[in-house]
Amino acid sequence: MARRGAAGGAGGKRADRRADRKAARGAGEPGNVREPVDGGLAELVPDRERRRAWTLTIDGAPQSHVDLDDPTYLSFEYQRRIGHIADLAAPAGQPLHVVHLGGGAFTLARYIAATRPRSTQQIVEVDAALVQLVRRELPLDPQARIRVRATDARAGLGKIQDGWADLVIADVFSGARTPAHLTSTEFLAEVRRVLKPGGTYAANLADGPPLAHLRGQIATAATVFPELTLAADPAVWRGRRFGNAVLLASDVAPRTAELTRRVATDPHPGRVEHGRALADFTGGAAPVHDADARPSPPPPASAFD
């Protein structure tokens, strides 16, 4: 990319990156950390209300919020909903094997390490420069069993053995859009291969009116998993605004009543649908295959105001 400079050798690229970092740090608000990464310009913005908490943005789009003093604190509503799914994936405190597709600031991996000690987790994040930034500025607990691989999410998933994971979490965005190759039945077949029987898949999906992408993703998941549940803000459900929805998929019935209660009592309450109501919402949408996959739609300019 141009921001890495036009020098021909690796040493020239490293020098240009150091210069970019110096310039980026000087351009932000006091206390902010700004640094070019493979996916754009990353910025760590300190939370003025929490002493060691930060929000990660990429090119202005919020990606993660993390509190180093309290990793159980989940600020973003979609991360809270995935946190509920992780809480309900097994009895409280029981260690899990977890795969995170998309790393961000490693928020959910930190959450699971804190709530389920001795869990073994693998993070797959394609942006190696982002991984380096987060490791340096927001270091992981060295006692946590968290391994980070800097590679493409689907390629990394392919290296995980059959039936290893209790939980697979997908939260992958490039330029605020989910890449096309992570939206297909073939991708979800790989997810199911990696999951143990009874394991759980949780995906952060983003869409706006007319919700064609969201309906297509539900139809796609229905070809691979028999049990589906979706949690979203009521305004997103009604197609009134662009936003996040969290899909839960499994081969066993989830604890829907408890998930519904938790989502309804969040600071920003959401609605949960499953069964016939979710099938009706899908409205006959066609499943997505590799041959016809498209990235998720771009958010409107006002989405992050």
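This talk goes through one predicted model, from the overall make-up to a pocket, two cavities, a helix and one histidine.

Let me start with the whole chain. The protein has 305 residues, and 49% of them count as buried. It is built from 10 helices and 12 strands. If we take the contacts with a separation of 6 or more, 65% of them are between residues 24 or more positions apart.

Next, the empty spaces. Rolling a probe the size of a water molecule over the atoms shows where empty space is left. I will take one pocket and then the cavities.

The pocket is the second largest one, with a volume of about 260 Å³. It is lined by 17 residues, and those closest to its centre are Arg110, Ala113, Ala114, Asp141 and Ala144. Two elements, α3 (107-115) and β7 (145-149), each supply at least two residues of this lining. The largest share is that of α3, with three residues. By class, the lining of this pocket has nine nonpolar, two polar and six charged residues.

Now the cavities. How many of 30 Å³ or more does a search of the whole structure find? The search finds two.

The largest cavity has a volume of about 150 Å³. Its lining is made of 15 residues, and Leu182, Phe187, Tyr201, Ala203 and Leu205 are the closest to its centre. Three elements give two or more residues each: α6 (185-194), β9 (195-207) and α7 (212-222). Strand β9 gives the most, with four residues. As for class, 10 of the lining residues are nonpolar, four are polar and one is charged.

The second largest cavity holds about 30 Å³ of space. Its lining is Arg81, Ile85, Thr229, Leu230, Ala231, Val246, Leu248 and Leu259. Helix α2 (77-88) and strands β10 (227-232) and β11 (243-250) each supply at least two of these residues, and β10 gives the most, with three. Six of the lining residues are nonpolar, one is polar and one is charged.

Leu259, which is in that lining, takes us to helix α9. This helix covers residues 256-264, and its buried residues are Thr256, Leu259 and Val263. Why are these residues on the same side of α9? They cover an arc of only 65° around the axis, so they sit on the same side of the helix. In general, an α-helix has 3.6 residues a turn, so residues three or four places apart point the same way. What covers the buried residues of α9 includes α2, β10, β11 and β12 (271-274). Of these, α2, β10 and β11 also supply residues to the lining of the second largest cavity.

The last stop is histidine 100. It lies in strand β5, which runs over residues 97-101. Is histidine 100 buried or exposed? Histidine 100 counts as buried because its relative accessible area is 4%, and the cut-off for buried is under 20%. Its side chain makes a polar contact of 2.6 Å with the side chain of glutamine 121. Beyond its neighbours within four places in sequence, histidine 100 is in contact with Leu108, Ala109, Ile112, Gln121, Gln122, Ile123, Val124 and Ile169.

That leaves the pocket, the cavities, helix α9 and histidine 100 as places to look at in the model. I will stop there.

Terms used. Residues are numbered from 1 along each chain as its sequence is written. This is a predicted model: local features need pLDDT of at least 70, side-chain atom pairs count only at pLDDT 80 or more; totals for chains, interfaces and linings use all residues. Side-chain values use heavy atoms; hydrogens and water are left out. Buried means under 20% relative accessible area, exposed over 50%, partly exposed in between (1.4 Å probe, protein chains only). A polar contact is a pair of N or O atoms within 3.5 Å; within protein, one must be able to donate a hydrogen and the other to accept it, and residues adjacent in sequence count only if both atoms are side-chain atoms. Contact means heavy atoms within 4.5 Å. On a 1 Å grid over the protein atoms alone, a cavity is a set of points where a 1.4 Å probe fits but cannot get out, and a pocket is an open set with protein on both sides within 12 Å along at least five of seven lines; lining residues have an atom within 4 Å of a point. Grid points are joined across faces, edges and corners, and a volume is the space filled by probe spheres set on the points. Ala, Val, Leu, Ile, Met, Phe, Trp, Tyr, Cys and Pro count as nonpolar, Asp, Glu, Lys and Arg as charged, and the others, Gly among them, as polar. The arc is that of the directions from the helix axis to the C-beta atoms.
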